[in-house]
Amino acid sequence: MDPQGPLRGPWGAVWLGAARRHTDMATSNDTLARLAAVIDARRTGDPDKSYVARLFRKGTDAILKKVGEEATEVVMAAKDGARERLVGEVADLWFHTMIALAQFGLTPADVLAELERREGQSGLEEFAARKLQKRESEGT
């Protein structure tokens with residue numbers, strides 16, 4: 001994939017065909033992997049030409065601030081019942097979250113592996129296990 005290719009969007013850097021709806025998990029995983037590759041390729045680019053490079057140049061605090069802003073916009077769209085806007089805001093949140101992952105040397109594959117690890121486990125059981133693990137690590 002050409003890192004300077006036709007990827008555009010509300011972030012000024014990326015568009016991966018939001019109109020395409022993928023129900024096939026492999027295709028969705030591929031989309032995330034392609035987007036991660038674009039983020040990685042643009043990470044060290046010219047901040048005057050790349051929104052991704054500009055965010056990385058500004059550092060962790062700027063990236064995390066943007067994730068927080070996007071999360072708030074997701075909540076607002078959901079509370080308004082604005083389905084199309086909600087999809088767009090979640091796309092923005094995922095995009096910026098992927099930048100945060102990259103900042104810490106992680107990829108969507110790391111998150112997908114964690115989701116797969118949790119698959120089939122009750123949310124309540126998973127929460128209880130994490131709570132117990134935290135108590136044990138704190139020695140309480």
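**How α3 and α4 cross, plus two residues**

Okay, let's start with a pair of helices: α3 goes past α4 in a left-handed crossing. Before I go on, keep in mind that this is a predicted model.

So where do the two helices sit? Helix α3 covers residues 60–80, and helix α4 covers residues 83–103. Their axes come within 8 Å of each other, and the crossing angle is roughly 160°. Because angles over 145 degrees count as roughly antiparallel, α3 is roughly antiparallel to α4. And what kinds of residues make up the contact of α3 with α4? By class, you get 13 nonpolar residues, seven charged ones and four polar ones.

Let's stay on α4 and pick out one residue, H96, which has its place in that helix. Buried or exposed, what would you say for H96? Well, its relative accessibility is 1%, and buried means under 20%, so H96 counts as buried. The side chain of H96 has a polar atom 2.8 Å from a backbone oxygen, and that oxygen belongs to D92.

Now let's move on along the chain to T107. This one is placed in the loop between α4 and α5. With a relative accessibility of 36%, T107 counts as partly exposed, because that value falls between the 20% and 50% cut-offs. Which residue should you look for alongside T107? Try A36: the two are 71 residues apart along the chain, yet their C-alpha atoms are separated by 6.8 Å.

To recap the two residues: H96 is buried, while T107 is partly exposed. That's it from me, thanks!

How values were computed
Residues are numbered from 1 along each chain as its sequence is written. This is a predicted model: local features need pLDDT of at least 70, side-chain atom pairs count only at pLDDT 80 or more; totals for chains, interfaces and linings use all residues. Side-chain values use heavy atoms; hydrogens and water are left out. Helices (H or I, at least four residues) and strands (E, at least two) are DSSP runs, numbered from the N terminus. Buried means under 20% relative accessible area, exposed over 50%, partly exposed in between (1.4 Å probe, protein chains only). A polar contact is a pair of N or O atoms within 3.5 Å; within protein, one must be able to donate a hydrogen and the other to accept it, and residues adjacent in sequence count only if both atoms are side-chain atoms. Axes are lines fitted to C-alpha atoms, for helices over the stretch in contact, and angles run from 0 to 180 degrees between N-to-C directions. Angles under 35 degrees count as roughly parallel, over 145 as roughly antiparallel, 65 to 115 as roughly perpendicular and the rest as oblique. A crossing is left-handed if the near helix is turned anticlockwise from the far one by less than a right angle, and right-handed if clockwise. Ala, Val, Leu, Ile, Met, Phe, Trp, Tyr, Cys and Pro count as nonpolar, Asp, Glu, Lys and Arg as charged, and the others, Gly among them, as polar.
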